[in-house]
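Notebook open, structure on screen. I want to look at the ligand site before anything else, then at a sheet.

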Amino acid sequence: MALSRITGLGYYVPDNVITNNDLTKWMETSDEWIQERTGIRERRYFEYGKDTNYSMAAAASRQALEHAGLTPGDIDVIVYATITPDYFFPGSAFLMQRELGMDGKPVIDIREQCSGFVYALSIADQFIKSGMYKTALVVGSEIQSSWIDKSTAGRNTAVIFGDGAGAAVLTATEDPQHCIISTHLHADGRYAEELFVREPGSSRPGRTITKEMIEEGGFNVYMNGNAVFKHAIVRFGEVIREALEKNGLEAGDIDLLVPHQANIRISDYVRQQLGLSESQVVNNIQRFGNTTAASVPIALAEAFENGRLHDGNLICLAAFGSGFTWASALIRW
Ligand code: COA
């Protein structure tokens, strides 16, 4: 059976740096509050006219393709995760496919929020394992800054999110020492409304978008921060242990954990539960905030750029997010 290997990584973050102090111009908050509760110092916001969701994804993908030594024409399928697409439909994967000149190649748009990239990676991995495709481009890209409510009313979520994109190229391999070992996916819709954006929903009377919906804040992110936090710290640990147990491995075997960048306190808790050192966990939330589906591939690509991925390393990706969803992937680098 074919296996899949990550042969290329890339990321793109907009140039526009927004510090915690910059946020105080729009809302009542402070650098101290944000750093203490989340670890975030700054994040990037897209520049209108320069960046789009799909252009950021294309930039990350070009880097990943170059790293893999491939051209867009070599890719068999695109799996693209985002909850902030350029259009309501079709998805941004179509726009990125056009941008990269990959006409005719299949594209799959998925959501799955903060777990989006790990879900997308799993989908691509299954396509390659089944023999249906030999190469895949897996992308996470988000523009959160145009959605979030930057007034004081939205401060509990506005301070967390940022924009960016990350991408990975997967190639078929027969080598079990350098491959995606396994992926593990979960969801629990009972908590769908603990972190969500209600509008523009289709199951509404009359027209989909009304002035009242906007005034009632239905387009804003609602988050029960406490509930998200409590579930996240449990699910991260669970899904990482599930991946290890499935493969007869232990936490001590992990060389590098690349968690979704939700909150530095969540990452620290999970790290301590697993008995990992600080140098074994990738944290870049300080500089990029939470970029939802883009956070894991940005963190992984940055870890590669910084020389933190070594031949034969056991790498664990893990994510938790709205839905709720949670997921992990074990990779032999
Ligand atoms: N600046 C200043 N004060 C703020 C604030 C901000 N940006 N956001 C909220 N506050 C205030 C609240 O109004 C509240 O004030 P009150 O006590 O007078 O009512 C106080 O700070 C505490 O708010 P609370 O929401 O209870 O804070 P918290 O300690 O739970 O921290 C989060 C909030 C969002 C940092 C935390 O819940 C969290 O990280 N949750 C997980 C979020 C996450 O990971 N989301 C991504 C999904 S993967």
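**Ligand site**

I started with the shell: 22 residues surround the ligand, and Thr29, Arg37, Arg155, Gly225 and Asn263 come nearest. Note to self: this is a predicted model.

Next I looked up polar contacts. The side chain of Arg155 puts an N or O atom 3.0 Å from an oxygen atom of the ligand. Trp33 also faces a ligand oxygen atom, with a polar side-chain atom 3.4 Å away. At Gly225 I found a backbone N or O atom instead, 3.0 Å from a nitrogen atom of the ligand.

How much of the ligand does the protein bury? On its own the ligand exposes 960 Å², and the protein buries 70% of that.

I then asked which elements give two or more residues to the shell. They are helix 2 (31-38), helix 6 (155-158) and helix 8 (225-246). Helix 8 gives the largest share, 4 residues.

Sorted by class, I get 11 nonpolar, 8 polar and 3 charged residues around the ligand. Both domain 1 (3-176) and domain 2 (180-332) supply at least three residues to the shell.

**The sheet**

I moved on to an open sheet of 5 strands, which runs in the order 1-7-6-4-5 with mixed pairing. Strand 1 (3-12) and strand 5 (107-110) are the edges, each pairing on one side only. From one strand to the next, the twist averages 20 degrees.

Last, I checked how strand 5 is held in register. Strand 4 (residues 77-81) pairs with strand 5 in the parallel sense, over 4 bridges. For Ile78, the bridge partner in strand 5 is Val107.

Notes. Residues numbered from 1 in each chain as written. Predicted model: local features only at pLDDT ≥ 70, side-chain atom pairs only at ≥ 80, totals over all residues. Heavy atoms only, no water. Near = heavy atom within 4 Å. Polar contact = N/O pair within 3.5 Å; in protein donor to acceptor, adjacent residues only side chain to side chain. Areas by Shrake-Rupley, 256 points an atom, 1.4 Å probe, with all protein chains shown as cover. Nonpolar A, V, L, I, M, F, W, Y, C, P; charged D, E, K, R; others polar. Domains from an automatic or database assignment. Pairing = 2+ DSSP bridges. Axes fitted to C-alpha atoms, helices over the stretch in contact; angles between N-to-C directions.
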